[in-house]
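Colleague: Could you take a close look at one part of this model for me, and tell me how it sits among its neighbours? I would enjoy a connected walk-through.

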Amino acid sequence: MNTLNGNLHTQILFYSRTGKTRAVAEAVCEIFGGSLCEIIDAKYRKGITGYVRSLFDVWLMRPTEISPACINTHDSRLLFIGTPLWADRLPPAMRTFFSTAELNNKRVILFFTCGFYRKHSLMYKYTTHVNTMGATVIGNFFLRTRGKSKTALKNETKMVLNQYKTTWLESIINWSK
Ligand SMILES: Cc1cc2nc3c(=O)[nH]c(=O)nc-3n(C[C@H](O)[C@H](O)[C@H](O)COP(=O)(O)O)c2cc1C
C-alpha cells in the first residue's frame with residue numbers, strides 16, 4: 001500500500017466486456033495501489049451475439065442489472081472509475097452504476113477506453129454528472145485500445161498516469177489540508 005492509498009483508501013471501479021478497460025484498471029492499481037472492483041453486467045455479452053445485443057441495448061438505452069448491486073464506496077475517498085465507450089455512450093452497466101452510486105464527497109478520476117474514436121464530449125458530460133452527485137472530478141483520461149495488447153495498454157496507461165500523477169496528488173493534498 002503506498003502513501004496515497006494509505007491516506008485515502010483508493011478504489012478502482014471499472015466495467016469491462018473484453019478485458020481492455022480491466023488492463024487499464026490493473027495498471028492504475030499498480031501505480032496508485034488500492035483495491036480493484038469490477039462492475040459485472042447481469043446480461044451475457046460475450047462473442048458476436050453479445051456484441052450485437054450490446055449495440056441494441058445501448059442504442060435503445062435498455063437498463064440492466066449489475067453486481068455487486070450496491071457498490072460500497074464508504075471507506076474510499078479517491079475513486080478511479082473506468083468504462084469503455086459504446087456507440088458514443090456509456091454501456092448499460094455503467095449507466096446503472098451512475099444511477100445508484102454513492103459518490104458524495106469523493107475525489108474521482110474518470111477513465112474511458114474506446115476502439116478508435118475518443119468522444120471527449122461524453123467525458124465532459126459525465127464529469128459534470130459526477131460533480132452534480134456531490135463528488136469532485138479531479139482528473140480524467142482516454143485511451144484508444146484497437147490493435148493494442150493488454151501489456152501495451154498497461155504500459156501506455158502507466159505513461160499517462162506518470163504525466164498526471166503530480167497534478168492529481170497536489171489537488172488531493174490541497175483538499176486534505
Ligand atoms: C457495443 C459496442 C459499441 C462500441 N462502440 C464504440 C464506438 O462508438 N467508438 C469506439 O471508438 N469504440 C467503440 N467500441 C469499442 C470499445 O469501446 C473498445 O474496444 C473498448 O476499449 C473495449 O473495452 P473492454 O475490453 O474493457 O470492454 C464499442 C464496443 C462495443 C462492444
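Modeller: Happy to! One definition before we start: the expected span of a helix is 1.5 Å times one less than its number of residues. Please keep in mind that this is a predicted model. With that in hand, take α3 (47-59). This helix has 13 residues and reaches 18 Å from its first C-alpha to its last, close to the 18 Å expected at 1.5 Å a residue. Just after α3, M61 takes a positive phi of about 55°.

Now to the ligand, which 22 residues surround; S16, K20, T21, P84 and G115 are the closest. Two or more residues of this shell come from each of α2 (20-32), α3 and β6 (107-114), and α3 gives the largest share, four residues. By character, the shell divides into ten nonpolar, eight polar and four charged residues.

P84, one of those closest residues, also leads us to strand β5 (residues 78-84), where seven of seven residues are buried. In a regular strand the side chains alternate between the two faces of the sheet. Here L78, F80, G82 and P84 point one way from β5, while L79, I81 and T83 point the other way, and all are buried.

β5 has partners, too. It pairs with β1 (residues 11-14) in the parallel sense over four bridges, with I81 as the bridge partner of L13. β5 and β6 also pair in the parallel sense, over seven bridges, and there G82 has F111 as its bridge partner. Finally, β5, helix α4 (residues 92-100) and β6 make a right-handed β-α-β unit.

Terms used. Residues numbered from 1 in each chain as written. Predicted model: local features only at pLDDT ≥ 70, side-chain atom pairs only at ≥ 80, totals over all residues. Near = placed C-beta within 6 Å. Nonpolar A, V, L, I, M, F, W, Y, C, P; charged D, E, K, R; others polar. Buried ≥ 20, exposed ≤ 12 C-beta atoms within 10 Å, placed from the backbone. Pairing = 2+ DSSP bridges. Right-handed = clockwise from strand over helix to strand, strands pointing away.
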